[in-house]
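Reader: I'd like a close look at a single part, the surroundings of the bound ligand. Please take your time with that, then carry on to whatever else helps me place it.

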Amino acid sequence: MTGSSHLVPVVEAQGVKVSFGAVRALAGVDLVIRPGECVGLVGHNGAGKSTIVNVINGGLSPHEGTIAYEGEAPGRHGIASARNHGVRCVFQELSLCPNLTVIENMRVMHRALNGWNWRSKAVAAITGKLGEIFPGHRIDCSRAVGDLSIAERQMVEIATAFADVGQKPKLVILDEPTSSLDASLAEQLLAHVRTYVVGGGSIIFISHILGEVLSTATRIVVMKDGRVVADRAAGEFTQAKLVQAMGSVVAEKKDARAARVLKSTAPILSLPPRGGRGMPFEAFSGEIVGLAGLSGHGQTDTLVDLFHSHSGNWLQRSNPAVAFVAGDRGYNGTFPLWSILKNMSIASLGDVSRATFVDSGHEAELGEQWKRKIEIRTQDMDNGILSLSGGNQQKVLFARALAVRAPVVLMDDPMRGVDIGTKQEVYGILRSEAEKGRTFIWYSTEMEEVCICDRVYVFNAGAIVAELTGSDISEDNILAASFTEAVASKAVIGGSIA
Amino acid sequence: DTSGKKIALSNNYAGNSWRQAMLTSWEKITGEAVKTGVVAAADAFTTAENQATEQAAQIQNMILQGYDAIVINAASPTALNGAVKEACDAGITVVSFDGIVTEPCAWRIAVDFKEMGRSEVEYLAKRLPQGGNVLEIRGLAGVFVDDAISGGIHEGVAKYPQFKIAGSVHGDWAQDVAQRAVAGILPSLPEIAAVVTQGGDGYGAAQAFAAAKRPTPIIIMGNRQDELAWWKEQKDANGYETMSVSIAPGVSTLAFWVAQQILDGKEVKKDLVVPFLRIDQDNLEANLEKTPKGGVANVEYTLEDAQAVINSAK
Amino acid sequence: MKINLSTDSVRLLIPALSLIVLLCAVFYLQPRAMSYTGLNLLFNLAVPITLATIAQMLIMTVNDLDLSMGAFVSFVACVAATFLPTAPLIGTIILLAAIAAYAVLGVVIHVRQLPSIVVTLGMSFVWGGLAVLILPSPGGQAPVWARWIMTSKPPLMPMAIVASIIIAVITHFIVMRSSFGVLIRGVGGNTRSVERAGWSIISARAGAYALAASFAVLAGIALVGLTTSADANIALRYTLLSIAGVILGGGEFVGGRVSPIGAVIGALTLTLAGSFLSFLRISPDWQIGAQGAILIVVLALRLFLNRLEKREKGR
Amino acid sequence: MNALRSLVLKPWIWSFVATVIVWLITIMFTGGASAAGLSQAAFTFAAFSVIVGIGQMFVITLGPGNIDLSVPAMITLSGTVTLKLMGVDNALILPGLAIAIGLGVAVGIGNYAFIKLLRIPPIIATLSMSFIVQSMAIWTNRGIRIKPPALLADFTTSTLWGVPNVALVAFVLSVIAWVLLQKTVYGRWISAIGQSIPAARMAGIPVDGVRFATYVLCAVLASICGYMLASFSGGAALNMGSEYLLMSIAVVVIGGTAVAGGDSNVPGIWGASLFLFLVVSMLNTYGLGAGIRLVMTGVIIIAVIMVASGRKRGRA
Ligand SMILES: Nc1ncnc2c1ncn2[C@@H]1O[C@H](COP(=O)(O)OP(=O)(O)OP(=O)(O)O)[C@@H](O)[C@H]1O
Ligand SMILES: Nc1ncnc2c1ncn2[C@@H]1O[C@H](COP(=O)(O)OP(=O)(O)OP(=O)(O)O)[C@@H](O)[C@H]1O
Ligand SMILES: [Mg+2]
Ligand SMILES: [Mg+2]
């Protein structure tokens with residue numbers, strides 16, 4: 001790794017400062033990326049990771065400081081010059097055109113892809129890359145991206161960034177690329193990243209899953225409050241050291257979870273088998289029920305079904321039965337025109353209003369309370385929601401659902417992009433709320449989270465194929481169950497693995 | 001003999017009382033004619049919006065439906081020429097009235113709109129020999145009727161230079177639009193001696209003057225019952241004097257008879273003229289009596305009237 | 001039989017089926033329509049509407065809406081009926097300037113982040129005013145060549161059908177196949193990511209607007225070719241018709257989801273719906289209402305077919 | 001709080017600035033003599049646009065594609081039906097108003113039924129509805145023009161301390177609308193729906209109920225406007241509503257309400273309504289021809305919106 005230090009850096013950022021109004025997103029960042037290295041970029045939510053990435057790819061001009069690509073400072077800093085130097089980016093929020101097909105998205109993303117037969121060139125490039133990175137994928141490149149699942153979209157975006165169309169990518173920036181991929185896909189990606197780096201390419205890899213970063217990066221840069229606080233070879237870090245460098249205090253992972261049997265009472269929620277296949281769904285009071293399986297196999301649909309069948313579309317129930325935490329923030333989470341406070345309080349307006357008049361004092365109080373409780377990093381809850389970093393927006397959505405008095409909370413992979421410190425806090429809140437009798441139904445793509453649950457349903461092809469409880473909940477069992485075929489009607493393999 | 005012939009009415013607009021009265025007259029007279037076997041059918045068609053394109057499509061459909069004659073009140077004198085030409089080429093008799101078309105193969109039953117405008121100023125010249133400021137309320141910009149009447153008014157003013165057009169607004173032939181426009185310009189106008197209209201917006205103008213607490217000038221009235229009733233009220237109260245010019249909506253029935261005569265093989269000149277309907281101070285009561293409450297002063301035509309019009313044109 | 005239908009072709013299938021159903025109904029009511037001249041009479045006034053619908057669709061592709069479409073087509077018709085036959089050079093210059101004005105509008109709307117609805121609402125007054133200035137009272141004369149094209153009688157198929165097919169094929173190629181089409185649809189789908197890929201959104205928008213204006217110009221000329229002359233209010237209805245046509249054809253207001261072939265079919269369907277009504281002979285009181293009803297019926301049909309298709313897919 | 005206030009302040013201030021400028025130019029023509037008369041006329045006629053504008057604003061706030069094109073037909077229907085029912089009987093004034101509201105509710109229900117059952121864009125659903133409603137208006141009275149009850153006619157045409165009564169009614173309605181939007185749960189809900197329907201649904205908002213109520217509200221306001229307008233102008237006409245199609249949309253968007261939904265603005269509607277009336281008056285006063293007048297109207301609208309949103313988007 002030191003061998004590459006004499007090479008001309010692909011990108012060299014020096015003293016970069018960026019602020020958004022009063023918010024100082026970057027307070028002087030130096031970052032050098034050399035060929036043949038994978039730089040892991042970690043830090044708490046709002047540390048400035050996405051911002052520095054935006055500066056590097058030309059989308060943002062630094063207010064102070066310089067950027068040089070391959071040793072030369074560009075005449076005009078901008079997207080075009082960054083791309084000309086082979087910088088490609090996979091953004092934290094999905095950024096393909098949902099109305100275009102995969103092939104057409106290639107055309108948009110790669111300006112070099114021109115000429116009469118650009119379609120066939122694009123097909124060749126994207127199918128080749130998809131096959132290379134995600135062998136065994138089943139993506140039809142003539143389909144509109146909007147018709148793909150969120151994981152498939154992410155895969156397409158990654159493959160698009162790595163694709164070689166006349167111009168080889170030199171630096172690929174991956175901003176939380178694995179957040180919507182399940183474990184096996186994530187592993188495929190990481191494997192590809194390693195070989196790519198060995199081949200002389202460079203990667204900036206941003207993730208909150210420290211295990212991934214430790215196993216993939218050659219060098220790790222830790223950011224905190226807009227500064228780089230540590231920059232060392234990956235080998236010098238352990239998970240604990242990383243966490244410490246990030247500045248979060250994390251309680252040691254408590255594996256000792258009291259196995260709780262809560263199935264005694266009548267279920268608080270239930271659904272018949274989806275499409276007449278597999279097992280029915282049930283949840284009991286005070287449980288944390290996990291929905292697992294490969295991503296996009298019906299978990300989100302189940303949650304949405306549960307939500308729709310327990311909330312009114314014509315009249316609001318006086319006592320809400322369910323609350324929902326969105327995973328796809330842009331689609332069904334945030335209200336972009338509103339302040340953080342309004343975004344947070346929207347679901348519990350009934351509690352902060354009198355005779356349908358919103359009591360703003362009461363509302364602000366509620367906001368402050370949750371701001372403290374899960375540490376939303378903002379000066380003022382009246383700031384726009386979009387001024388928050390991705391992870392902090394997610395926290396607001398979390399607070400929104402927890403503030404509702406509903407006995408059941410549905411969670412659609414809500415920890416996407418939440419930093420490790422916050423995660424631990426949220427886990428804590430979940431546990432204590434569950435103790436008090438709240439039920440959580442939790443779809444997650446992260447194995448670690450699934451393992452916190454009391455009971456887990458494993459999904460395959462839209463149906464529940466297995467139920468795991470207590471100590472049977474483990475990565476291996478879940479993975480094994482994920483490939484079980486659903487059986488028609490009710491002949492169920494109930495806990496075939498248990 | 002036309003007992004086997006089918007006639008259609010192509011109407012471009014039904015959104016005001018004039019057009020409604022026109023349709024009612026058509027229904028009344030042609031219903032009778034169908035019953036007595038003069039013609040086989042006389043269907044009325046109206047388009048949703050006052051648009052030449054839509055009416056052109058309507059006429060083309062009538063060609064397909066196999067009508068023998070089409071009677072048209074046209075949205076535009078020229079924009080239907082394409083469709084009218086196709087109808088003529090298909091051997092269909094086309095008679096236009098009120099909103100006439102310029103396509104030479106069609107018959108035209110025209111109102112002399114220019115003359116109508118001129119007569120308003122002539123009347124004023126008699127009433128106010130010393131002249132004065134005049135407010136003009138026009139119709140819908142870009143429509144031929146509006147242009148013609150306004151042209152007549154301006155000719156009249158040129159002839160009687162003691163009148164000066166102090167302001168001109170477009171009332172779009174709609175009561176409330178006219179009222180709105182007059183109310184907007186009125187504060188900036190000097191004293192107004194008379195208001196010339198295109199027949200029908202008089203009542204709105206009177207209300208705007210009343211709302212602005214200005215003396216009521218001589219307002220040329222249209223043919224609506226409420227206008228006539230207002231005039232009568234004023235006449236009884238303070239001897240208010242004015243006149244009313246308009247086109248009788250029943251002209252549609254004249255067009256029907258003309259079409260029937262042409263189908264019957266009569267020689268008919270391409271251009272026919274109908275007089276406009278004029279009501280004066282002395283025949284106000286008589287006319288008001290004949291006009292249904294809330295309706296429009298009207299004249300319906302018989303076969304004999306039509307023959308008289310045809311013969312007088314020869 | 002297993003056909004793998006893409007979203008795009010499904011989007012097309014439904015409008016096409018509604019058109020066919022409606023056409024059958026019309027033929028049933030009026031068998032005379034089932035002929036060369038019959039079809040031409042049914043559809044020739046659809047040609048300008050189709051072109052205007054395509055123009056509206058291009059604007060909708062970049063998530064905007066043009067409320068001045070009708071006024072603009074009227075303006076073009078006035079220019080075409082006055083300047084084009086007598087002073088072709090001046091006429092052409094005016095029309096080119098109008099197209100340029102559209103491009104400028106696109107740029108202004110993007111740069112100043114203005115709502116297109118308001119700007120085009122304002123522009124509808126401007127075009128309307130210019131039309132009145134050019135042609136204060138109805139009249140003018142269609143250029144001979146426009147008249148010739150619109151009344152031509154090609155073999156086998158009437159002009160209206162040939163024209164619709166040509167328009168559909170050309171616009172399908174431009175919007176769905178070409179790079180430019182991909183780009184403007186991308187702008188509609190996700191402006192930010194197109195920008196991040198290094199494209200100039202300004203020129204994409206300007207291009208979309210200019211192309212739309214070009215189709216609207218063709219619409220105006222085609223209209224004059226059919227009617228032989230123009231007036232300032234001749235096409236005001238095209239604004240709503242064109243929007244309805246795009247929607248009927250499966251397009252959407254936002255998200256760059258459009259279908260040129262669908263738009264052509266939508267425009268034809270709308271035109272046909274009017275004829276269908278004439279053939280039904282409803283009482284004059286309800287003729288206007290029936291136009292609303294027919295729109296609803298056509299859309300209900302669309303919904304019904306959509307359902308069918310969903311059930312197919314669910315299996 | 002401060003940030004919020006400046007955000008609300010900015011969009012509407014511009015329509016008022018434009019209004020004042022146009023007003024000054026108009027009264028300059030007579031050296032100021034027409035000030036009182038012009039203002040009174042402006043408030044009278046702006047009132048009608050304000051009433052329909054408020055309804056349209058609620059609908060537009062529901063998000064892209066939401067618009068109610070049945071407003072003009074609704075105005076016509078309620079004008080014709082209520083005037084016919086009231087005859088000239090003063091005792092029937094209130095029942096007439098109740099009928100107007102009832103008609104509005106019915107048409108609103110119809111509008112949303114089309115939108116919901118047929119899953120069609122509101123623009124098409126309400127357009128279809130407007131044809132049907134217009135037909136109903138024709139069918140119910142065939143253009144017969146009946147005078148309003150004298151008391152009602154007096155009320156709508158007279159003034160209180162120099163302020164037209166209709167303007168007072170519109171003012172009261174706008175205050176109610178403002179409170180609804182800014183202070184109540186319902187206001188939050190429509191703003192949320194306007195920003196993202198899926199997000200609103202998953203936040204537990206009864207989306208269908210709220211949209212339904214909003215379409216009904218819009219139709220009811222249009223209906224009330226028709227009732228008042230017919231009384232004001234001495235009788236209903238079949239084309240009395242057609243003015244208000246573009247007008248209702250224009251006052252909303254010029255007034256600073258976001259066309260993309262989620263953000264609405266009540267004061268701006270007043271500014272825009274006064275402005276649109278005064279522009280026409282100004283151009284009429286200076287005696288410009290119809291063509292020039294139209295062009296100028298368009299240019300002024302665009303200029304106002306440029307200035308207004310240029311400021312609004314001033315990024316920090
Ligand atoms: N457009 C913006 N306007 C205002 N503030 C912003 C904007 N974008 C980012 N910020 C602020 O800049 C800071 C850094 O944000 P950034 O998105 O870089 O964080 P991050 O490290 O990527 O966090 P996460 O892990 O949650 O994605 C945050 O405090 C955020 O609130
Ligand atoms: N909107 C319109 N479009 C085209 N022509 C119209 C329109 N309105 C009226 N006309 C024409 O104007 C002439 C007379 O209309 P007039 O204004 O007298 O009707 P009216 O009796 O006043 O109707 P209303 O009572 O509804 O105002 C006729 O030639 C009619 O065809
Ligand atoms: Mg980030
Ligand atoms: Mg009139």
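Author: First a bit of vocabulary: helices (H or I, at least four residues) and strands (E, at least two) are DSSP runs, numbered from the N terminus. With that in hand, H1(A) gives the largest share of the shell around ligand 1, 3 residues. Bear in mind that this is a predicted model, where local features need pLDDT of at least 70, side-chain atom pairs count only at pLDDT 80 or more, and totals for chains, interfaces and linings use all residues. Residues are numbered from 1 along each chain as its sequence is written, chains are lettered from A and ligands numbered from 1 in the order in which they are written, and side-chain values use heavy atoms, with hydrogens and water left out.

So, ligand 1. A residue is near a molecule or strand if one of its heavy atoms lies within 4 Å of it. By that rule 19 residues surround ligand 1, and the closest are A:Gly46, A:Ser50, A:Thr51, A:Ser387 and A:Gly391. Strand E2 (23-33), helix H1 (49-56) and helix H13 (390-403) of chain A each put at least two residues into the shell. The shell around ligand 1 splits into 5 nonpolar, 12 polar and 2 charged residues. Here Ala, Val, Leu, Ile, Met, Phe, Trp, Tyr, Cys and Pro count as nonpolar, Asp, Glu, Lys and Arg as charged, and the others, Gly among them, as polar.

Now for the polar contacts. A polar contact is a pair of N or O atoms within 3.5 Å; within protein, one must be able to donate a hydrogen and the other to accept it, and residues adjacent in sequence count only if both atoms are side-chain atoms. Among these contacts, oxygen atoms of ligand 1 sit 2.9 Å from a backbone N or O atom of A:Gly48 and 2.8 Å from a polar backbone atom of A:Lys49. A:Gly391, listed among the closest residues, has a backbone N or O atom 2.7 Å from an oxygen atom of ligand 1. On its own ligand 1 has 630 Å² of accessible area, and the protein covers 83% of that. Accessible areas come from the Shrake-Rupley method with a 1.4 Å probe; for residues, only the protein chains shown count as cover.

Ligand 2 makes a handy second case, over in chain B. Of the 13 residues around ligand 2, B:Ser17, B:Asn50, B:Asp98, B:Gly199 and B:Arg224 come nearest. Side chains show up in its polar contacts: oxygen atoms of ligand 2 lie 2.8 Å from a polar side-chain atom of B:Arg19, 2.6 Å from an N or O atom in the side chain of B:Asp98 and 3.5 Å from one in the side chain of B:Asn223. The protein covers 96% of the 620 Å² of accessible area that ligand 2 has on its own. Its shell divides into 4 nonpolar, 6 polar and 3 charged residues.

How do the chains that hold these ligands sit among the others? Contact means heavy atoms within 4.5 Å. Chain A and chain B have no contact, and their closest C-alpha atoms lie 35 Å apart. Chain A does touch chain C, with 23 residues from chain A and 23 residues from chain C taking part. The area buried between the two (the accessible area, 1.4 Å probe, that two parts lose on being put together, summed over both) is about 2000 Å², and carbon and sulfur atoms give 52% of it. A:Asn99, A:Val108 and A:Arg111 supply 26% of the area that chain A buries against chain C, more than any other three residues.

That interface has 1 salt bridge, that is, a side-chain nitrogen of Lys or Arg within 4 Å of a carboxyl oxygen of Asp or Glu. The partners are the side chains of A:Glu104 and C:Arg185, at 2.8 Å, N to O. There are also 12 residue pairs in polar contact between chain A and chain C (both at pLDDT 80 or more). By class, chain A's side of this contact has 12 nonpolar, 3 polar and 8 charged residues.

Of the 5 pairs of chains in contact, though, chains C and D share the most contacts. Here about 3600 Å² is buried, with 83% from carbon and sulfur atoms. The rule finds 0 salt bridges between chain D and chain C, and the count of polar contacts is 1 residue pair (both at pLDDT 80 or more).
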